[in-house]
Amino acid sequence: MRATGERLSPAAAMLMVRQVAHCMDREVNAQNQSLPATLPGWGARFHGVIPPAFPAPVFSIRLPGTKIFTLPDFVESGVLTPDQADALSRSVKARLNVLVGGGTGSGKTSFCNALLQVLASTADRVYVIEDTAELRCDAPNKLGCIINPDYSYQRAVMDAMRMRPDRIVVGEVRDGAALDLLKAWNTGHPGGISTIHANDTRSMLDRLCELIREAVPNLDARDLVARTVEVCVHLKRDPAAKAGRSVTGICRVKGLTPAGAWDLAPLERA
């Protein structure tokens with residue numbers, strides 16, 4: 001980010017948000033103050049919020065990537081080692097469930113797209129669920145589902161079960177749909193890919209458990225998570241790195257230790 005010296009009046013910002021809402025056949029008002037959207041004809045990710053959530057209307061625009069990076073690209077940029085890239089490619093082809101974690105702007109979506117390039121080389125039927133169209137999967141047999149305020153992640157995951165997918169890919173797991181996703185992955189739909197916000201590989205698994213408890217407070221989901229999520233990849237923003245990001249861990253989830261902790265091992269040696 002950089003300061004441009006330009007200023008946008010609150011009225012102009014409100015006009016921008018309302019115009020996008022109109023294009024998306026949505027409304028923004030005191031009851032619906034947040035507007036996630038994809039800009040028509042451009043594909044940029046848009047998010048606007050109006051008062052009273054903020055003193056004045058605000059919005060952000062995230063440009064779509066102009067290139068789909070592959071695992072070899074991540075090796076060339078120093079994000080992955082050749083052994084790690086090979087292990088990840090083999091994991092996707094072997095239908096292991098892969099969870100990609102990190103903070104905002106860490107490159108989770110770009111990394112998922114690289115994994116999806118491997119997935120697209122299979123003959124599997126792929127069902128992709130996301131809130132804005134950012135994932136790029138060139139699989140010839142693919143269904144893409146965009147959620148909205150009237151169609152939740154949880155509903156989309158449940159409906160996916162009726163669409164005969166071989167694999168279920170979720171742009172980001174962020175609510176009680178985590179339980180439905182794990183059930184789907186664990187009952188005949190292995191080889192899924194999803195992202196999650198977390199600080200490291202262990203925190204990714206902890207966060208999944210937290211999301212499940214939000215839906216079912218008394219459920220201890222650690223065993224289900226340990227049996228279902230098989231590979232964890234965690235990235236972080238790294239200004240010192242050539243690619244602006246780095247991998248902090250790529251782990252094979254082997255289960256739980258006798259003490260109930262996550263049993264993780266480096267993927268290329270697992």
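Where is the place of Pro52? Pro52 sits in the loop between β2 and β3, and that loop is one of the stops on this tour of a predicted model.

**Figure 1. A cis peptide bond in the loop between β2 and β3.** This close-up shows Pro51 and Pro52, whose shared peptide bond is cis, with omega near 10°. Look for Pro52 in the loop that leads from β2 to β3. As background, most peptide bonds are trans.

**Figure 2. The open sheet of three strands.** The strands of this sheet come in the order β1-β2-β3, and their pairing is antiparallel. β1 (34-38) and β3 (58-62) stand at the edges with a single partner strand each, so one side of each has no neighbour in the sheet. From one strand to the next, the twist averages 10°. Follow strand β2 (residues 45-49) alongside β3: the two run antiparallel and are joined by five bridges. To find your place in this pairing, look for Val49, which stands opposite Val58 in β3. Helix α1 (residues 10-23) packs on this sheet, where it touches β1, β2 and β3. The direction of α1 makes about 60° with that of β3.

**Figure 3. A positive phi at Asp25.** Here we visit the loop between α1 and β1, which is the place of Asp25. Asp25 is not a glycine, yet it has a positive phi of about 55°. For context, most residues other than glycine have a negative phi.

**Figure 4. The open sheet of eight strands.** Reading across this sheet gives the order β6-β5-β7-β8-β4-β9-β10-β11, and the pairing is mixed. At the edges are β6 (142-146) and β11 (262-266), each of which pairs on one side only. The twist from one strand to the next averages 25°. One pair to pick out is strand β4 (residues 98-102) with strand β9 (residues 231-237), which pair in the parallel sense over five bridges. A handy landmark in that pair is Val98, found opposite Val231 in β9.

**Figure 5. Two helices on the sheet of eight strands.** Helix α3 (residues 82-93) packs on the sheet and touches β7 (167-170), β9 and β10 (245-256). Compare the directions of α3 and β9, and you will find an angle of about 135°. Helix α5 lies across β5, β6 and β7, and runs at about 170° to β5.

**Figure 6. Where α3 meets α4.** The axes of these two helices come within 9 Å and cross at roughly 55°. The two helices are therefore oblique to each other. Their crossing is right-handed. On the α3 side, the contact involves Leu88, Ser89, Val92 and Lys93; on the α4 side, look for Phe111, Leu115, Val118 and Leu119. The residues of this contact divide into six nonpolar, one polar and one charged.

**Figure 7. Thr122 and its polar contacts.** Just zoom in on the loop between α4 (108-119) and β5 (126-130), where Thr122 lies. What does the side chain of Thr122 reach at 3.3 Å? It reaches the backbone nitrogen of Asp124. A polar atom of the Thr122 side chain also lies 2.7 Å from the backbone oxygen of Leu119.

**Figure 8. Where α5 meets α6.** Helix α5 (residues 153-160) and helix α6 (residues 177-186) have axes that come within 8 Å and cross at roughly 20°. That angle makes α5 roughly parallel to α6. The crossing of these helices is left-handed. From α5, the residues Tyr153, Gln154, Val157 and Met158 meet Ala177, Asp180 and Leu181 of α6. Sorted by type, the residues of this contact are five nonpolar, one polar and one charged.

**Figure 9. Where α6 meets α7.** In this last view, the axes of α6 and helix α7 (residues 201-215) come within 7 Å and cross at roughly 115°. This makes α6 roughly perpendicular to α7. Ala178, Leu179 and Leu182 of α6 make the contact with Leu208, Leu211 and Ile212 of α7. How many residues of the contact of α6 with α7 are nonpolar, polar and charged? There are six nonpolar, no polar and no charged residues.

How values were computed
Residues numbered from 1 in each chain as written. Predicted model: local features only at pLDDT ≥ 70, side-chain atom pairs only at ≥ 80, totals over all residues. Heavy atoms only, no water. Axes fitted to C-alpha atoms, helices over the stretch in contact; angles between N-to-C directions. Helix = DSSP H or I, 4+ residues; strand = E, 2+ residues; numbered from the N terminus. Parallel < 35°, antiparallel > 145°, perpendicular 65-115°, else oblique. Left-handed = near helix turned anticlockwise from the far one by under 90°. Contact = heavy atoms within 4.5 Å. Nonpolar A, V, L, I, M, F, W, Y, C, P; charged D, E, K, R; others polar. Polar contact = N/O pair within 3.5 Å; in protein donor to acceptor, adjacent residues only side chain to side chain. Pairing = 2+ DSSP bridges.
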